[in-house]
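User: Please examine the structure below with me. I should like to understand how its helices pack and how its charged side chains pair.

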Amino acid sequence: MAVTPKILAFAGSTRAESYNKKLVQIAIAGARAAGAEVTYLDLRDLPMPLFDEDVEATEGLPVNARKLKYLMLAHHGLLLSCPEYNSSITAVLKNAIDWASRPSPGEASLACFAGKAAGLMSASPGALGGLRGLVHVRAILGNIQVLVIPEQVAVPRAFEAFGPDGKLKDSKQQAAVERIGAKVAALVAKLNG
Ligand SMILES: Cc1cc2nc3c(=O)[nH]c(=O)nc-3n(C[C@H](O)[C@H](O)[C@H](O)COP(=O)(O)O)c2cc1C
(Lines give C-alpha, C1' and ligand atoms only; values in the text may rest on other atoms or scores of the structure.)
Protein backbone atom coordinates (compact mmCIF):
# COMPACT_ATOMS: atom_id res chain seq x y z
CA MET A 1 0.00 0.00 0.00
CA ALA A 2 1.64 3.21 -1.16
CA VAL A 3 -0.19 5.59 1.15
CA THR A 4 -1.31 4.90 4.71
CA PRO A 5 -5.01 5.78 4.72
CA LYS A 6 -5.66 8.58 7.19
CA ILE A 7 -9.20 8.72 8.45
CA LEU A 8 -10.94 11.21 10.72
CA ALA A 9 -13.76 9.70 12.78
CA PHE A 10 -16.42 11.41 14.82
CA ALA A 11 -20.02 11.25 15.94
CA GLY A 12 -22.65 13.87 15.23
CA SER A 13 -23.35 14.11 18.94
CA THR A 14 -21.72 15.95 21.80
CA ARG A 15 -23.45 13.87 24.48
CA ALA A 16 -21.05 12.25 26.96
CA GLU A 17 -22.82 8.88 26.87
CA SER A 18 -23.55 9.08 23.14
CA TYR A 19 -24.39 5.76 21.49
CA ASN A 20 -22.96 7.13 18.27
CA LYS A 21 -19.63 7.87 19.94
CA LYS A 22 -19.57 4.20 20.98
CA LEU A 23 -20.57 3.00 17.54
CA VAL A 24 -17.92 4.95 15.67
CA GLN A 25 -15.26 3.33 17.87
CA ILE A 26 -16.17 -0.02 16.32
CA ALA A 27 -15.71 1.29 12.79
CA ILE A 28 -12.41 2.85 13.93
CA ALA A 29 -11.22 -0.56 15.11
CA GLY A 30 -12.17 -2.01 11.71
CA ALA A 31 -10.28 0.71 9.86
CA ARG A 32 -7.19 0.32 12.05
CA ALA A 33 -7.23 -3.46 11.56
CA ALA A 34 -7.24 -2.76 7.81
CA GLY A 35 -4.10 -0.61 8.12
CA ALA A 36 -5.54 2.87 8.44
CA GLU A 37 -4.34 5.60 10.74
CA VAL A 38 -7.44 6.95 12.47
CA THR A 39 -7.92 10.15 14.45
CA TYR A 40 -10.95 10.24 16.73
CA LEU A 41 -12.55 13.62 17.28
CA ASP A 42 -15.15 14.47 19.91
CA LEU A 43 -17.17 17.42 18.59
CA ARG A 44 -17.70 18.47 22.21
CA ASP A 45 -14.04 19.51 22.18
CA LEU A 46 -14.63 21.86 19.23
CA PRO A 47 -17.68 23.97 20.11
CA MET A 48 -18.57 26.29 17.25
CA PRO A 49 -21.12 29.08 17.02
CA LEU A 50 -24.06 28.54 14.73
CA PHE A 51 -22.93 29.35 11.22
CA ASP A 52 -23.58 33.00 10.40
CA GLU A 53 -22.47 34.51 7.12
CA ASP A 54 -22.17 37.98 8.70
CA VAL A 55 -19.85 36.63 11.41
CA GLU A 56 -17.83 34.88 8.70
CA ALA A 57 -17.58 38.12 6.69
CA THR A 58 -16.52 40.28 9.62
CA GLU A 59 -14.50 37.87 11.79
CA GLY A 60 -13.58 35.00 9.48
CA LEU A 61 -13.81 31.39 10.57
CA PRO A 62 -13.96 30.76 14.33
CA VAL A 63 -10.86 29.14 15.75
CA ASN A 64 -12.57 25.76 16.26
CA ALA A 65 -13.90 25.74 12.70
CA ARG A 66 -10.33 26.32 11.55
CA LYS A 67 -9.17 23.44 13.78
CA LEU A 68 -11.83 21.18 12.29
CA LYS A 69 -10.81 22.16 8.76
CA TYR A 70 -7.16 21.55 9.57
CA LEU A 71 -8.03 18.06 10.80
CA MET A 72 -10.19 17.30 7.78
CA LEU A 73 -7.53 18.51 5.35
CA ALA A 74 -4.99 16.23 7.04
CA HIS A 75 -7.12 13.12 6.45
CA HIS A 76 -8.26 11.27 3.33
CA GLY A 77 -11.46 9.83 4.67
CA LEU A 78 -14.25 10.12 7.21
CA LEU A 79 -16.10 7.73 9.48
CA LEU A 80 -19.26 9.36 10.78
CA SER A 81 -21.77 8.01 13.24
CA CYS A 82 -24.84 10.15 12.92
CA PRO A 83 -27.65 10.40 15.44
CA GLU A 84 -31.09 11.12 14.00
CA TYR A 85 -32.97 14.16 15.26
CA ASN A 86 -36.51 14.58 13.98
CA SER A 87 -35.82 12.20 11.11
CA SER A 88 -32.72 14.05 9.96
CA ILE A 89 -29.15 15.17 10.62
CA THR A 90 -28.28 16.71 14.01
CA ALA A 91 -27.66 20.43 14.15
CA VAL A 92 -24.17 19.92 15.57
CA LEU A 93 -23.12 17.78 12.61
CA LYS A 94 -24.70 20.05 9.99
CA ASN A 95 -23.13 23.09 11.63
CA ALA A 96 -19.70 21.44 11.57
CA ILE A 97 -20.17 20.54 7.89
CA ASP A 98 -21.30 24.08 7.05
CA TRP A 99 -18.27 25.71 8.70
CA ALA A 100 -15.88 23.18 7.16
CA SER A 101 -17.35 23.80 3.71
CA ARG A 102 -16.27 27.45 3.75
CA PRO A 103 -13.04 28.15 1.88
CA SER A 104 -10.15 29.98 3.48
CA PRO A 105 -8.52 32.57 1.21
CA GLY A 106 -6.79 30.86 -1.71
CA GLU A 107 -8.17 27.44 -0.84
CA ALA A 108 -9.86 25.19 -3.42
CA SER A 109 -13.62 24.89 -3.22
CA LEU A 110 -14.79 22.22 -0.77
CA ALA A 111 -11.19 21.29 0.01
CA CYS A 112 -12.24 19.44 3.18
CA PHE A 113 -14.67 17.24 1.28
CA ALA A 114 -13.97 16.87 -2.45
CA GLY A 115 -12.51 13.47 -3.28
CA LYS A 116 -12.75 12.19 0.28
CA ALA A 117 -14.25 8.78 1.08
CA ALA A 118 -16.74 8.32 3.90
CA GLY A 119 -18.56 5.58 5.75
CA LEU A 120 -21.77 6.18 7.66
CA MET A 121 -23.48 4.54 10.59
CA SER A 122 -26.06 5.48 13.18
CA ALA A 123 -27.47 4.35 16.49
CA SER A 124 -30.74 5.30 18.11
CA PRO A 125 -33.00 4.06 20.90
CA GLY A 126 -35.76 3.87 18.28
CA ALA A 127 -36.73 0.99 16.03
CA LEU A 128 -35.14 2.36 12.85
CA GLY A 129 -31.75 3.05 14.39
CA GLY A 130 -31.45 6.50 12.81
CA LEU A 131 -31.77 5.21 9.26
CA ARG A 132 -33.83 8.18 8.07
CA GLY A 133 -31.15 10.61 9.19
CA LEU A 134 -28.51 8.70 7.26
CA VAL A 135 -30.44 9.30 4.03
CA HIS A 136 -29.99 13.03 4.56
CA VAL A 137 -26.35 12.83 5.65
CA ARG A 138 -25.55 10.72 2.58
CA ALA A 139 -27.24 13.24 0.28
CA ILE A 140 -25.46 16.21 1.88
CA LEU A 141 -22.03 14.59 1.65
CA GLY A 142 -22.64 13.39 -1.92
CA ASN A 143 -23.55 16.93 -2.94
CA ILE A 144 -20.25 18.25 -1.56
CA GLN A 145 -18.28 15.68 -3.54
CA VAL A 146 -17.65 13.05 -0.88
CA LEU A 147 -17.67 9.43 -2.05
CA VAL A 148 -19.88 7.72 0.52
CA ILE A 149 -19.58 3.94 0.47
CA PRO A 150 -22.90 2.15 -0.13
CA GLU A 151 -22.64 0.00 3.02
CA GLN A 152 -24.09 1.52 6.16
CA VAL A 153 -25.42 0.23 9.47
CA ALA A 154 -28.24 1.64 11.60
CA VAL A 155 -28.37 0.17 15.10
CA PRO A 156 -31.85 0.23 16.68
CA ARG A 157 -32.60 -0.07 20.42
CA ALA A 158 -29.15 1.31 21.13
CA PHE A 159 -29.78 1.32 24.91
CA GLU A 160 -29.43 -2.48 24.87
CA ALA A 161 -27.25 -2.99 21.79
CA PHE A 162 -23.79 -2.62 23.35
CA GLY A 163 -22.05 -5.01 25.70
CA PRO A 164 -19.86 -3.83 28.60
CA ASP A 165 -16.80 -4.24 26.34
CA GLY A 166 -18.23 -1.61 23.98
CA LYS A 167 -18.89 -4.12 21.23
CA LEU A 168 -22.30 -4.72 19.71
CA LYS A 169 -23.96 -7.78 21.21
CA ASP A 170 -25.10 -8.83 17.74
CA SER A 171 -21.92 -10.24 16.24
CA LYS A 172 -23.15 -9.79 12.66
CA GLN A 173 -23.88 -6.13 13.33
CA GLN A 174 -20.48 -5.77 15.00
CA ALA A 175 -18.77 -7.25 11.94
CA ALA A 176 -20.79 -5.04 9.58
CA VAL A 177 -19.69 -1.88 11.40
CA GLU A 178 -16.05 -3.02 11.47
CA ARG A 179 -16.38 -3.68 7.73
CA ILE A 180 -17.44 -0.07 7.13
CA GLY A 181 -14.15 1.05 8.65
CA ALA A 182 -12.19 -1.47 6.60
CA LYS A 183 -13.96 -0.52 3.36
CA VAL A 184 -13.31 3.18 3.82
CA ALA A 185 -9.65 2.37 4.51
CA ALA A 186 -9.47 0.29 1.32
CA LEU A 187 -11.20 2.94 -0.80
CA VAL A 188 -8.94 5.69 0.55
CA ALA A 189 -5.91 3.55 -0.30
CA LYS A 190 -7.18 3.08 -3.87
CA LEU A 191 -8.02 6.73 -4.34
CA ASN A 192 -4.67 7.92 -3.03
CA GLY A 193 -2.38 5.07 -4.12
C1 LIG B 1 -34.35 16.79 19.35
C2 LIG B 1 -34.31 15.29 19.27
C3 LIG B 1 -34.94 14.67 18.23
C4 LIG B 1 -34.88 13.27 18.11
N5 LIG B 1 -35.45 12.67 17.02
C6 LIG B 1 -35.24 11.36 16.81
C7 LIG B 1 -35.67 10.74 15.61
O8 LIG B 1 -36.24 11.35 14.71
N9 LIG B 1 -35.43 9.43 15.44
C10 LIG B 1 -34.76 8.67 16.40
O11 LIG B 1 -34.56 7.48 16.19
N12 LIG B 1 -34.35 9.24 17.56
C13 LIG B 1 -34.57 10.55 17.78
N14 LIG B 1 -34.13 11.14 18.94
C15 LIG B 1 -33.50 10.32 19.98
C16 LIG B 1 -32.01 10.15 19.70
O17 LIG B 1 -31.84 9.09 18.78
C18 LIG B 1 -31.30 9.86 21.01
O19 LIG B 1 -31.32 10.99 21.85
C20 LIG B 1 -29.88 9.35 20.80
O21 LIG B 1 -29.38 8.88 22.02
C22 LIG B 1 -29.00 10.46 20.23
O23 LIG B 1 -27.76 9.93 19.84
P24 LIG B 1 -26.50 9.91 20.83
O25 LIG B 1 -26.79 8.84 21.85
O26 LIG B 1 -25.37 9.53 19.95
O27 LIG B 1 -26.34 11.27 21.45
C28 LIG B 1 -34.20 12.52 19.09
C29 LIG B 1 -33.58 13.19 20.16
C30 LIG B 1 -33.63 14.55 20.25
C31 LIG B 1 -32.91 15.23 21.39
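User: How are α1 and α6 oriented to each other?

Analyst: This is a predicted model, in which local features need pLDDT of at least 70, side-chain atom pairs count only at pLDDT 80 or more, and totals for chains, interfaces and linings use all residues. Residues are numbered from 1 along each chain as its sequence is written, and side-chain values use heavy atoms, without hydrogens and water. Helix α1 (residues 19-33) and helix α6 (residues 171-192) pack at about 55°, with axes 7 Å apart. Angles under 35 degrees count as roughly parallel, over 145 as roughly antiparallel, 65 to 115 as roughly perpendicular and the rest as oblique, and therefore α1 and α6 are oblique.

User: Which residue of α3 forms a salt bridge with Glu107?

Analyst: A salt bridge is a side-chain nitrogen of Lys or Arg within 4 Å of a carboxyl oxygen of Asp or Glu. Here the closest N and O atoms are 2.5 Å apart. Glu107 lies in the loop between α4 (91-100) and β4 (117-123), so the pair ties together parts that are 38 residues apart in sequence. The partner in helix α3 (residues 63-73) is Lys69.

User: Is Lys69 buried or exposed?

Analyst: Buried means under 20% relative accessible area, exposed over 50%, and partly exposed in between (1.4 Å probe, protein chains only). Glu107, at 24%, is partly exposed. Lys69 has a relative accessible area of 3%, so Lys69 is buried.

User: How many salt bridges does a search of the whole structure find?

Analyst: Among them is the pair of Glu151 and Lys183, with 2.9 Å between the closest N and O atoms. Salt bridges that share partners also join Glu53, Glu56 and Arg102 into one network. The search of the whole structure finds 9.

Notes
Axes fitted to C-alpha atoms, helices over the stretch in contact; angles between N-to-C directions. Helix = DSSP H or I, 4+ residues; strand = E, 2+ residues; numbered from the N terminus.
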